[in-house]
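Welcome to this guided tour. Keep your viewer open and your selection box ready, and follow the stops in order.

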Amino acid sequence: MIVLAATPIGNLGDASRRLVETLSNATVVAAEDTRTAIHLMRALGIENRPRLIALHEHNERAKASEVVELARDEDVVVLTDAGMPAISDPGFPLVEAAAAAGVTVTALPGPSAVLMALAVSGLPTDRFTFEGFPTRKAGERRRAFQALAGEQRTMVFFESPHRLAETLADMAVGFGGDRRAAVCRELTKLYEEVRRGPLDELVTWASEGVRGEICIVVAGAAEATEEATLDDGVRLVLERVAAGMRMKEAAAAVADATGLSKRDLYEGALAAR
């Protein structure tokens, strides 16, 4: 079978007993980075030296069929650098190929940056969506956030530290600067930090420079109520336009979030200007 093995996201003390036992007995390990896999096993005191196969984003589709066929005869343990394989990490094409070929896939559960960030964010946890890494292209990223403006579930994103301020600024435009959010940095590590506040405040904080692995948790849109007035909606449209959003896009985003008419919002905002 194929065994997706979750690894610590920072603190080695989070390695499960099952992970240690599985790696101690593994004959084949498919790893995102074989050097990282070797370092992990040494750090965990594992003396076993299994056959290592590189399985990363650049070769995983080409390698998937080979690994699946290998897994018909012996267990293949799949590792990524941190967290669960196939979740914003290599692994999905392999699982897809294994499922199509009738090869069993299982997983060793373990640390999750998504769930930890959600749990400590101080934002609603009953319903949420994981959006992964926003696109690096600024225009596409802004349009993606605008499309999510009406999403009522809490949203979790990954981001690199050097793009954090820019991404938060785009979120402030797409979701509104007063939307609550939390930036979770270096989870489980020595310098773990959770910064909570409106997106506008987080943009100012992040502009000074932030290091480490980053999760962003953003509150969902408020459920539309009968109390939402056209005047309120027009104000929100104008705020987004002032932050850099096009009028039509701002009207559409506010319409999704409030249930108000897109046309009325657009015409009201034009008249107010």
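Before the first selection, keep in mind that this is a predicted model.

**Stop 1: a strand and its two partners**

Start by selecting strand E8, residues 180–185, together with strand E9, residues 193–198; the two are antiparallel and share 6 bridges. To see one of these contacts, pick Arg180, whose bridge partner in E9 is Pro198.

Now add strand E10, residues 214–218. E10 is antiparallel to E8, and 5 bridges connect the two. Click on Ala182 and look across to E10, where Val217 stands opposite.

With these strands on screen, how many of the 6 residues of E8 are buried? The count is 5, so E8 is largely enclosed by the rest of the structure. The cut-off behind that word is a relative accessible area under 20%.

**Stop 2: the whole sheet**

Widen the selection to the open sheet of 5 strands, which reads E6-E7-E10-E8-E9 in order and has mixed pairing. Which strands sit at the edges? They are E6, residues 128–132, and E9, each of which pairs on one side only. If you compare strand directions, neighbours in this sheet are turned against each other by 20° on average, with direction ignored.

Next, zoom in on E6 and strand E7, residues 154–159. These two run parallel and are joined by 4 bridges. A handy residue to click here is Phe128, which has Thr154 as its bridge partner in E7.

**Stop 3: helices on the sheet**

Keep the sheet visible and show helix H7, residues 164–175. H7 packs on the sheet and touches E7, E8 and E10. If you draw direction vectors, that of H7 makes about 10° with that of E10.

Then show helix H8, residues 199–206, which also packs on the sheet, in contact with E8 and E9. Its direction makes about 135° with that of E9.

**Stop 4: charged side chains**

Time to switch on side chains. Side chains of opposite charge can pair when their charged atoms come close. In this model the count comes to 15 salt bridges, and a few of them make good stops.

Select Arg35 and Asp33: their side chains form a salt bridge with an N to O distance of 3.1 Å. Is Arg35 buried or exposed? Its relative accessibility is 64%, so Arg35 counts as exposed, the cut-off being over 50%.

Move on to Arg61 and Glu96, another salt bridge, at 3.8 Å from N to O. This pair links distant parts of the chain: Arg61 belongs to helix H3, residues 60–70, and Glu96 to helix H4, residues 92–101, with their positions 35 residues apart. Colour by accessibility and you will find Arg61 exposed at 59%, while Glu96 is partly exposed at 43%.

Stay in helix H3 and select Glu66 with Lys63. Their closest N and O atoms are 3.5 Å apart, which makes a salt bridge. Why are they about one helical turn from each other? The two residues are 3 apart in H3, which means a separation of about one helical turn. Glu66 is partly exposed, with a relative accessible area of 38%, and Lys63 is also partly exposed, at 25%.

**Last stop: a network**

Finish by selecting Arg141, Arg142, Glu166 and Asp170 together, since a network of salt bridges links these residues.

Technical notes: Residues are numbered from 1 along each chain as its sequence is written. This is a predicted model: local features need pLDDT of at least 70, side-chain atom pairs count only at pLDDT 80 or more; totals for chains, interfaces and linings use all residues. Side-chain values use heavy atoms; hydrogens and water are left out. Buried means under 20% relative accessible area, exposed over 50%, partly exposed in between (1.4 Å probe, protein chains only). Two strands pair if DSSP finds at least two bridges between them. Axes are lines fitted to C-alpha atoms, for helices over the stretch in contact, and angles run from 0 to 180 degrees between N-to-C directions. Contact means heavy atoms within 4.5 Å. A salt bridge is a side-chain nitrogen of Lys or Arg within 4 Å of a carboxyl oxygen of Asp or Glu.
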